[in-house]
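Work through the exercises below with the structure in view. Try each task before reading its solution.

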Amino acid sequence: MGLIKKLPVYSEKIPGGGLVTTSVETVLHFSQACSLWYLLFGTACCAIELMCTGASRYDFDRLGMIFRASPRQSDLIIAAGTITKKMAPRLRKLYDQMAEPRYVIAMGGCTIKGGPFYYDSYAVEKGIDHIVPVDIYIPGCPPRPESLLEGCIHLQEKIKKQKLSDWQEK
Amino acid sequence: MTREELKSYVEGHFDGKLKSLDTGRYDPIFEIQPSDLITVAKALRDDESLKMDFLCNLGAVDTCEKLEVVYSVASTTKNLRLDFKFSLPYDNPEVDSIKEVWPGIDWYEREIWELYGINVRNHGNLKQFLLPDDWDQGNPMRKDWDAPDFIRMPEV
């Protein structure tokens, strides 16, 4: 089994390619990780960093990440910005509309624990992890594009490592 | 009209209903009586040398002892700005609606009604505006407001 897992890694180094045998699991998760389409869900200043990451200087496309305006075409929701109590049901609704397997990145302090609105705020949800299950937390206010890219790379690694049985149970 | 000219003009006219407050900020601010609100608003709008035709903002301030309502108005033709305000008691505060003077005040009045609990007489459309639809926790901008998940900033 160990050799089968590592075959895709070795086969990339074979010049000219050839016949490769591997497991469905590895190929499936490899392709999933390399085409994470994310839902545009920018609610505050983190969205500016998200846009910057999507633009040519940081170039999200090279990770296979393309923005989608519809939850039905998305694999990933990047919650970029403050989630207010009024916005929380909408976030849940969009998450429910996405096809499985689906992933969530909580970008910035607000989505992790309310951020600067933790104290003295009647309107801000203190963390989105009790609305939707979060895979990756990216701290920062707002996080720089490099942080977001690293968070996405971590998510890709997580996806590549997972088993088929993992996301069936989810 | 400079700032000082505007200040003395407003104090000299309108039967002394606007009293200037020396706060040091650039836009002059005046205090009025709550009962004079509609008269003052109409006078400021119709005055030939002021022509305050635009309402910039309506805000409320909770000072823990009383509530203050602040109106900011501007003139688009004379390039002037001024604020006027008055105080209300903490219990059962009420103001008159000045929709008839500046119709744009409609939403601002709903806002102070919802967030500060200041009742607006003769508004006619006071209903849920900014807060969530299922909100039943009162007026959150009041300083004494509290809720189970509301965390106050600790004293440093």
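## Exercise 1: Across the interface

Task: Find how many residue pairs are in polar contact across the interface of chain B and chain A.

Solution. This is a predicted model. Across the interface of chain B and chain A, 5 residue pairs are in polar contact, with both residues at pLDDT 80 or more. Now sort the residues on the side of chain B that touches chain A: 13 are nonpolar, none is polar and 2 are charged.

Next, look for charge pairing. The interface of chain B and chain A holds 1 salt bridge. Its partners are Lys85(A) and Asp149(B). Their closest N and O atoms lie 2.7 Å apart. A salt bridge here requires a separation within 4 Å, so the pair qualifies.

## Exercise 2: The extent of the interface

Task: State how many residues of each chain are in contact, and how much area the two chains bury between them.

Solution. Start with the residues. Chain B contributes 15 residues, in contact with 8 residues of chain A. Then take the area. The two chains bury about 1,000 Å² between them. Carbon and sulfur atoms account for 63% of that area. Finally, ask which residues of chain B lose the most area to chain A. They are Asp149(B), Ile151(B) and Met153(B), together 42% of what the chain B side buries. Asp149(B) is also the salt-bridge partner of Lys85(A).

## Exercise 3: Two chains, two folds

Task: Describe chain A, then chain B, by secondary structure, burial and contacts.

Solution. Take chain A to begin with.

- Elements: chain A has 7 helices and 5 strands.
- Order: along the sequence they run α-α-β-α-β-β-α-β-α-β-α-α.
- Burial: 40% of the 170 residues of chain A count as buried.
- Surface: the accessible surface of chain A is about 9,300 Å², with 60% belonging to carbon and sulfur atoms.
- Contacts: among contacts in chain A between residues at least 6 apart in sequence, 77% join residues at least 24 apart.

Now turn to chain B.

- Elements: chain B has 3 helices and 7 strands.
- Order: along the sequence they run α-β-β-α-β-β-β-β-α-β.
- Burial: 44% of the 156 residues in chain B are buried.
- Surface: the accessible surface of chain B is about 8,600 Å², with 49% belonging to carbon and sulfur atoms.
- Contacts: among contacts in chain B between residues at least 6 apart in sequence, 48% join residues at least 24 apart.
- Dimensions: the C-alpha trace of chain B spans about 50 × 40 × 25 Å along its principal axes.

## Exercise 4: Ser35(B) and Asp96(B)

Task: Decide whether Ser35(B) is buried or exposed, and do the same for Asp96(B).

Solution. Locate Ser35(B). It sits in the loop between strand S2 (29-31) and helix H2 (37-46) of chain B. Its relative accessibility is 61%. Exposed means over 50%, so Ser35(B) is exposed.

Locate Asp96(B). It belongs to strand S6 (residues 94-96) of chain B. Its relative accessible area is 16%. Buried means under 20%, so Asp96(B) is buried.

Check the separation. Ser35(B) and Asp96(B) are 61 residues apart in sequence, with their C-alpha atoms 8.2 Å apart in space.

Last, list the surroundings of Asp96(B). Beyond its neighbours within four places in sequence, Asp96(B) has contacts that include Pro34(B), Leu37(B), Ile38(B) and Tyr71(B). Arg121(B) is another of its contacts. The side chains of Asp96(B) and Arg121(B) make a polar contact at 2.9 Å.

Notes: Residues are numbered from 1 along each chain as its sequence is written. Chains are lettered from A and ligands numbered from 1 in the order in which they are written. This is a predicted model: local features need pLDDT of at least 70, side-chain atom pairs count only at pLDDT 80 or more; totals for chains, interfaces and linings use all residues. Side-chain values use heavy atoms; hydrogens and water are left out. Contact means heavy atoms within 4.5 Å. Buried area is the accessible area (1.4 Å probe) that two parts lose on being put together, summed over both. A salt bridge is a side-chain nitrogen of Lys or Arg within 4 Å of a carboxyl oxygen of Asp or Glu. A polar contact is a pair of N or O atoms within 3.5 Å; within protein, one must be able to donate a hydrogen and the other to accept it, and residues adjacent in sequence count only if both atoms are side-chain atoms. Ala, Val, Leu, Ile, Met, Phe, Trp, Tyr, Cys and Pro count as nonpolar, Asp, Glu, Lys and Arg as charged, and the others, Gly among them, as polar. Helices (H or I, at least four residues) and strands (E, at least two) are DSSP runs, numbered from the N terminus. Buried means under 20% relative accessible area, exposed over 50%, partly exposed in between (1.4 Å probe, protein chains only). Accessible areas come from the Shrake-Rupley method with a 1.4 Å probe; for residues, only the protein chains shown count as cover.
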